[in-house]
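This briefing goes through one structure by topic, beginning with a single residue and then turning to the overall fold, the strands, the cores and the aromatic rings. Please keep the sequence and the model in view while reading.

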Amino acid sequence: MDMKKVVAFKVLLVLALSMATTGCKKSSSSKNSSRATGWQINSREGGFQYNTDFKEQETAPGLVFVEGGTFTKGRVQDDVMHDWNNTPNQQHVQSFYMDETEVTNAMYMEYLDWIKRVYPPSDENFRAIYHGALPDTLVWRNRLGYNEVMTENYLRHPGYGEYPVVGVSWIQAVEFANWRSDRVNEFNLEKAGYLKRDAKIVDVNAESTFSTDTYINAPTLTYGGNEEIINPERGNKRFVRKDADGNESNIYATRETGLITPKYRLPTETEWEYAALGLSEIRDYNLYRGRKKYPWDGQYTRSGSRKNRGDQLANFKQGKGDYGGIAGWSDDGADITNAVKSYAPNDFGLYDMAGNVAEWVADVYRPIVDDEFNDFNYYRGNVYTKNAINEDGSVKVVGIDDIVYDTLSNGKIVARNLPGEILQVPVDQNETYLRTNFDKSNEINFRDGDKQSSRRFESFNENDENGDAKASQTSKMYNSPKNVISRDSLGNIVREYDKSNTRSSLINDEVRVYKGGSWKDREYWLDPAQRRYFPQDMATDYIGFRCAMSRVGSKSKSKNKTKN
């Protein structure tokens with residue numbers, strides 16, 4: 001072949017390959033070019049700033065990843081108690097994160113230390129804040145038992161530091177989760193250079209605190225508006241830009257930066273049960289359909305492996321008068337609670353999802369699980385709120401004089417809000433008008449069987465001697481006692497007990513679900529499907545809690561990333 005023809009053929013081949021490659025290119029030549037407008041994202045001249053390098057949500061402190069999926073929620077074994085409150089139903093759960101262990105005494109003590117430093121109980125204005133956060137250590141007392149060593153030492157002694165905290169009400173657990181959210185986001189923003197280094201320890205006080213919601217909605221009002229803290233001169237702020245005159249923009253982190261994590265919270269009952277079952281590695285059809293009894297494989301509470309055959313797999317009550325076994329050869333290694341991680345984790349890497357302590361979950365208790373209305377992220381307990389707005393259009397941030405205290409049914413006083421937080425108010429018709437997915441602020445009683453579940457509900461005026469609607473026309477499904485607690489003009493607590501003989505239930509909007517067996521429970525309660533309830537403002541020596549966090553983005557973790 002002629003040499004000129006060979007050269008010409010090669011040139012044509014290169015051009016053809018080049019055109020083919022060009023045709024396969026994406027329409028956008030850069031990930032920082034908008035596919036909507038072609039404009040430059042994250043340009044030095046300002047404009048739209050967005051984290052185009054975001055890969056996936058990082059696992060926050062203390063959490064492990066739980067990949068979501070479908071499962072059979074509810075009773076899958078014998079219902080020997082005949083509760084009929086957990087009939088099997090198919091549910092789907094979105095991916096989320098959950099605490100590897102129950103919240104420990106050491107973790108809760110860190111919370112108390114922060115409260116004590118920022119809102120010193122020596123100050124009369126703040127005394128109730130610290131006292132309202134304290135666990136009830138008297139839950140250990142027993143009329144015919146000697147437990148004073150736990151009453152005096154369990155919370156604070158380092159010998160119990162890695163033991164699950166107890167004596168914490170549902171309300172206190174929620175407040176701990178809120179506090180934890182703010183501290184983690186505060187640390188993330190400090191690490192990224194958006195907050196002054198160590199301000200969270202050195203500069204924090206009752207008038208200068210960090211709230212995640214406040215920072216997102218009104219960053220200049222965090223830390224009491226201290227510009228030195230919220231806009232430090234030093235720090236590598238990736239999204240800060242300067243114009244030709246040297247003026248800075250995007251000096252505060254936003255959700256678009258990916259630096260602000262979702263909030264810590266209590267898991268929903270559905271999430272907790274799904275996580276406890278640990279179905280991540282299971283491919284057996286019967287187990288997938290809901291035939292798994294415990295967080296571990298098998299139908300027994302003792303290990304069948306050669307290495308530790310016969311050892312108990314959880315901390316629970318073996319029988320009457322048997323909380324741990326024979327001295328020197330203990331069945332479960334504990335008589336009361338045990339240190340977290342004392343037993344093997346389930347397939348998700350979660351410890352003590354059966355035994356040790358039972359755990360609060362977010363849901364309001366109802367014996368009805370309305371899976372016909374919803375089978376995706378099921379949860380009963382939604383109360384929708386919005387930010388309170390001042391007359392000038394700015395958000396209303398709680399000040400020291402704006403703290404509201406609630407007196408609980410047991411006489412304990414807790415702070416409803418704290419300085420630096422945005423005041424929350426119920427949503428109104430501005431948010432609910434013509435909506436089909438929700439129609440009021442409080443949806444706790446939605447489709448639970450009472451007349452108020454009807455969209456066209458009309459109240460009845462005929463009442464009995466107690467002032468309640470008569471039984472034949474009652475508007476409430478659950479007729480529970482209505483004890484009243486108030487304070488007189490001198491501030492003394494006045495308790496009025498409901499002595500009516502017509503009360504037929506202990507279920508109301510203030511009782512919450514708790515799941516899992518405890519050191520005080522028999523084997524029956526280790527089944528993740530079992531459910532019980534307890535007043536949200538009361539505590540026991542056998543109920544603790546762990547936190548969860550929603551996942552944003554993909555359902556699964558990237559395969560090429562190492563586990564956080």
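Ser30 is located in the loop between α1 (3-24) and β1 (63-66), in a model that is predicted. With a relative accessible area of 29%, Ser30 counts as partly exposed. From Ser30 to Gln40 the sequence separation is 10 residues, and the C-alpha to C-alpha distance is 9.0 Å.

**The chain as a whole**

- The secondary structure of the chain comprises 11 helices and 20 strands.
- The chain has 564 residues, of which 45% count as buried.
- Among the contacts in the chain with a separation of 6 or more, 68% are made by residues 24 or more positions apart.
- About 31500 Å² of the chain is exposed, and 50% of that area is supplied by carbon and sulfur atoms.

**Strands and sheets**

- Four strands make up an open sheet with antiparallel pairing, in the order β1-β4-β20-β7.
- Because β1 and β7 (264-265) stand at the edges of this sheet with a single partner strand each, one side of each is left without a neighbour in the sheet.
- β1 and strand β4 (residues 96-99) run antiparallel and are joined by four bridges; within this pairing, Tyr97 in β4 is the bridge partner of Phe65.
- Strand β2 (residues 69-73) has four of its five residues buried, and it is therefore largely enclosed by the rest of the structure.
- Five bridges pair β2 with strand β3 (residues 89-93) in the antiparallel sense, and the bridge partner of Thr72 in β3 is Gln90.

**Nonpolar cores**

- The largest nonpolar core contains 58 residues, and Tyr119, Trp360 and Phe545 are those with the most contacts inside it.
- Two or more residues are given to this core by each of β1, α2 (105-118), α3 (127-133), α5, β10 and β13 (413-415), and α5 gives the most, with seven residues.
- A second core, separate from the largest one, has 22 residues, including Phe71, Met98, Val361 and Tyr365.

**Aromatic pairs**

- The structure holds 29 aromatic pairs, and one of them is formed by Phe176 and Trp179, whose ring centres are 5.6 Å apart with 40° between the planes, a tilted arrangement.
- How is the pair of Phe176 and Trp179 placed along helix α5 (residues 170-191)? The two residues are three apart in that helix, and so are separated by about one helical turn; in general, an α-helix has 3.6 residues a turn, so residues three or four places apart point the same way.
- Both partners are covered: Phe176 is buried with a relative accessible area of 1%, and Trp179 is buried with a relative accessible area of 11%.
- The rings of Tyr274 and Phe348 also form a tilted pair, with their centres 5.8 Å apart and their planes at 40°.
- Which parts of the chain does the pair of Tyr274 and Phe348 tie together? Tyr274 lies in helix α9 (residues 269-277), whereas Phe348 lies in the loop between β9 (329-330) and β10 (358-364), so the pair ties together parts that are 74 residues apart in sequence.
- Tyr274 and Phe348 are both buried.
- Ring pairs also link a cluster that consists of Tyr108, Tyr111, Trp114, Tyr119, Phe126, Phe176, Trp179 and Phe545.

**Helix α9**

- Helix α9, which holds Tyr274, is mostly covered, with nine of its nine residues buried.
- The buried residues of α9 include the charged-type names Glu269, Glu271 and Glu273 as well as Trp272, Tyr274 and Leu277.
- Gly278 follows α9 and has a positive phi, near 60°.

**Charges over rings**

- Arg532 lies over the face of Trp525, and the distance to the ring centre is 4.1 Å.
- Lys557 lies over the face of Phe65, at 5.4 Å from the ring centre; Phe65 is also the residue whose bridge partner in β4 is Tyr97.

Key. Residues numbered from 1 in each chain as written. Predicted model: local features only at pLDDT ≥ 70, side-chain atom pairs only at ≥ 80, totals over all residues. Heavy atoms only, no water. Phe/Tyr/Trp six-rings, centres within 6.5 Å; stacked < 30°, edge-to-face > 60°. Buried < 20%, exposed > 50% of the residue type's maximum accessible area, 1.4 Å probe, protein only. Lys NZ or Arg CZ within 6 Å of the ring centre and 35° of its normal. Contact = heavy atoms within 4.5 Å. Areas by Shrake-Rupley, 256 points an atom, 1.4 Å probe, with all protein chains shown as cover. Core = buried A, V, L, I, M, F, W, Y, C linked by side-chain atoms within 4.5 Å. Pairing = 2+ DSSP bridges.
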